[in-house]
Amino acid sequence: MHQRDPRARAHDLVVFPEGGELDYLLPAATEWCAVQLDRDALLAVGIPAETIGRMSVVSPRAGQHARLAQLMRSAVDGLVSTQEQQTFRGALMEELYQALDPQRDQHRHPSFQDRADLLRRFERLVDEQGPERRSIAELAQALGVGRRTLELTLHDYLGLSPARYAAVLRLNAMRRELLRASADTLRVADLAQRYGIVHLGRFAGEYRTMFGELPSQTLHR
């Protein structure tokens with residue numbers, strides 16, 4: 001498929017499908033970054049198939065284009081280490097989902113009772129999976145709701161995104177393990193590795209912010 005003149009403006013995203021050919025005239029002093037992503041990976045995070053199956057121009061919301069630009073510059077400048085690649089990929093996919101979901105303003109809010117029930121089921125699901133990390137789209141699918149419904153529920157009920165609340169629940173699960181364990185049989189670094197945490201310093205800072213002490217202090221106490 002050959003497309004000309006998508007009429008993209010500054011900060012726009014130009015999406016074109018597999019096998020598509022893009023013919024674009026770049027104005028002077030334009031920064032252009034092209035990223036090729038696996039279709040199944042995009043579908044897995046909840047981006048609709050029809051969105052990535054046709055040529056389109058998307059204008060990210062205020063702030064989104066800045067975050068996307070920062071991610072791209074980090075990759076182009078070689079600032080993403082091997083250990084950070086999974087985190088970088090997850091952040092990029094999340095920003096693309098937020099920008100490319102065409103229904104983001106058209107979802108109905110669940111009732112209060114439905115939100116309370118969904119919140120409890122989300123908590124149980126995250127708790128049951130333990131150290132296993134599943135995408136928000138996978139969690140929503142397991143709960144039998146759309147990803148946007150899950151996002152609306154947690155935002156309205158707690159003021160948090162599903163990813164942030166899942167992180168809070170994991171921190172609480174890790175604290176329970178530290179309280180039960182002995183410093184002779186468990187190291188904080190080993191527990192963090194089991195939960196897929198790469199940056200121990202960042203983890204320790206978030207843990208201290210939430211619980212008022214370092215994870216090592218919890219373990220030795």
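Helices (H or I, at least four residues) and strands (E, at least two) are DSSP runs, numbered from the N terminus. With that in hand, let us work through some exercises. The structure is a predicted model, in which local features need pLDDT of at least 70 and side-chain atom pairs count only at pLDDT 80 or more, while totals for chains, interfaces and linings use all residues. Residues are numbered from 1 along each chain as its sequence is written, and side-chain values use heavy atoms, with hydrogens and water left out.

**Exercise 1. Describe the place and surroundings of Tyr165.**

Step 1. Start with the secondary structure: the protein has 11 helices and four strands. Tyr165 sits in helix H8, which covers residues 162-180.

Step 2. Next comes accessibility (buried means under 20% relative accessible area, exposed over 50%, partly exposed in between, with a 1.4 Å probe and protein chains only). Tyr165 is buried because its relative accessible area is 11%.

Step 3. Now list its partners, taking contact as heavy atoms within 4.5 Å. Setting aside neighbours within four places in sequence, Tyr165 touches Leu119, Phe122, Glu123, Leu154, Leu158 and Leu160.

Step 4. Finally, try a distance: the C-alpha atoms of Tyr165 and Val126 lie 9.6 Å apart, with their positions 39 residues apart along the chain.

**Exercise 2. Find the salt bridges that join helix H8 to distant parts of the chain.**

Step 1. Apply the rule: a side-chain nitrogen of Lys or Arg within 4 Å of a carboxyl oxygen of Asp or Glu. The count is eight salt bridges.

Step 2. Take Asp127 and Arg176, whose closest N and O atoms are 2.8 Å apart. This pair links distant parts of the chain, as Asp127 belongs to helix H5 (residues 112-129) and Arg176 to helix H8, 49 residues apart. Asp127 counts as partly exposed because its relative accessible area is 45%; Arg176, at 37%, is partly exposed too.

Step 3. Turn to Glu213 and Arg175, which meet in a salt bridge at 3.1 Å, N to O. Here Glu213 is in the loop between H10 and helix H11 (215-220), and Arg175 is in helix H8, 38 residues apart. Glu213 has 12% relative accessibility, so Glu213 counts as buried. Arg175 is buried as well, at 16%.

**Exercise 3. Which residues are closest to the centre of the largest pocket, and which element gives the largest share of its lining?**

Step 1. Set the terms. On a 1 Å grid over the protein atoms alone, a pocket is an open set of points where a 1.4 Å probe fits, with protein on both sides within 12 Å along at least five of seven lines; lining residues have an atom within 4 Å of a point. Grid points are joined across faces, edges and corners, and a volume is the space filled by probe spheres set on the points.

Step 2. Read off the volume: the largest pocket holds about 1700 Å³ of space.

Step 3. Look at its lining. Of the 42 lining residues, Gln86, Thr87, Gly90, Ala91 and Arg133 are closest to the centre. Elements giving two or more residues include helix H3 (64-76), helix H4 (85-100) and H8.

Step 4. Pick out the main contributor: H4 gives the largest share, nine residues.
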